[in-house]
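Open the model in your viewer and set it to a cartoon view. This tour tells you what to select at each stop and what you will find there.

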Amino acid sequence: MSLPIISGKVTCYMEMKDYEEIALQLIATSGTAKSMYVEAMNLARKGKIEEAEKMVGEARKIFIDGHKSHQDLLVKEANGQTKNIPLLIIHAEDQMASVEILEIAVEQCIALYKILKANDIKLRR
């Protein structure tokens, strides 16, 4: 860990392995949540609305765990404890953003399937 002197204060910068650990945590939680959201949509399409909604809740919990790691990184950035952000972190943030969009789409699809099921409307394939 490098310890540069800045304005009379000692600032501890994150090491590359710390970035990699956070990035892998973000990628893993995003990937798990993404898979669960897709599975929830498939369950809803089959009419298993309650199971789909439960799956969304579980996916959200996993995704929130990833957000906690990301928030820790943002706090370190705000405190001046980061230097150059590696490309792997940027990739991880991109994965998180895509999962957030997928979550919204899946919730809307489940709501639509719920309406269709409540009105006994069948979709043609």
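**Stop 1: Two helices side by side**

Helix 1 and helix 3 are roughly parallel to each other, because their axes cross at roughly 15° and angles under 35 degrees count as roughly parallel. This is a predicted model. Select residues 16-45 for helix 1 and residues 87-118 for helix 3. Their axes come within 9 Å. The crossing of helix 1 past helix 3 is left-handed. Now colour the contact between helix 1 and helix 3 by residue class: 21 residues are nonpolar, four are polar and four are charged.

**Stop 2: The whole chain**

Zoom out. The chain holds three helices and two strands. Follow the sequence from its start, and the pattern reads β-β-α-α-α. How many residues does the chain have, and what share of them count as buried? The chain has 125 residues, and 30% of them count as buried. Next, think about contacts between residues at least 6 apart in sequence. Of these, 72% join residues at least 24 apart.

**Stop 3: Helix 1**

Select helix 1 again. Helix 1 has 30 residues. From first C-alpha to last, helix 1 reaches 43 Å, close to the 44 Å expected at 1.5 Å a residue. Show side chains for the buried residues of helix 1, including Y19, I22, A23, L26, A33, Y37 and A40. What do the buried residues of helix 1 pack against? They pack against helix 2 and helix 3.

Look at the spacing of the buried positions along the helix. An α-helix has 3.6 residues a turn, so residues three or four places apart point the same way.

Step just past the end of helix 1 and pick G47. G47 takes a positive phi of about 90°.

**Stop 4: Two residues in helix 2**

Select residues 49-78 to see helix 2. Start with S69, which sits in helix 2. Is S69 buried or exposed? S69 counts as buried, because its relative accessibility is 16% and the cut-off for buried is under 20%. Set aside the neighbours of S69 within four places in sequence, and S69 is in contact with I22, Q25 and L26. Two of these, I22 and L26, appear among the buried residues of helix 1.

Move on to L73, also placed in helix 2. L73 is buried, with a relative accessible area of 3%. Draw a distance line between the C-alpha atoms of L73 and A23. These two residues lie 50 residues apart along the chain, and their C-alpha atoms are separated by 9.8 Å.

**Stop 5: Helix 3 and its end**

Return to helix 3. Helix 3 has 32 residues. Helix 3 reaches 47 Å from its first C-alpha to its last, close to the expected 46 Å. Show its buried residues, among them I89, Q95, M96, E103, Y113 and L116. Which helices help cover the buried residues of helix 3? The cover includes helix 1 and helix 2.

Finish at D120, in the segment after helix 3. D120 is not a glycine, although its phi is positive, at about 55°. D120 counts as exposed, because its relative accessibility is 58% and exposed means over 50%. Set D120 beside S69 for a last look: D120 is exposed, whereas S69 is buried.

How values were computed. Residues numbered from 1 in each chain as written. Predicted model: local features only at pLDDT ≥ 70, side-chain atom pairs only at ≥ 80, totals over all residues. Heavy atoms only, no water. Axes fitted to C-alpha atoms, helices over the stretch in contact; angles between N-to-C directions. Helix = DSSP H or I, 4+ residues; strand = E, 2+ residues; numbered from the N terminus. Parallel < 35°, antiparallel > 145°, perpendicular 65-115°, else oblique. Left-handed = near helix turned anticlockwise from the far one by under 90°. Nonpolar A, V, L, I, M, F, W, Y, C, P; charged D, E, K, R; others polar. Expected span 1.5 Å × (residues − 1). Buried < 20%, exposed > 50% of the residue type's maximum accessible area, 1.4 Å probe, protein only. Contact = heavy atoms within 4.5 Å.
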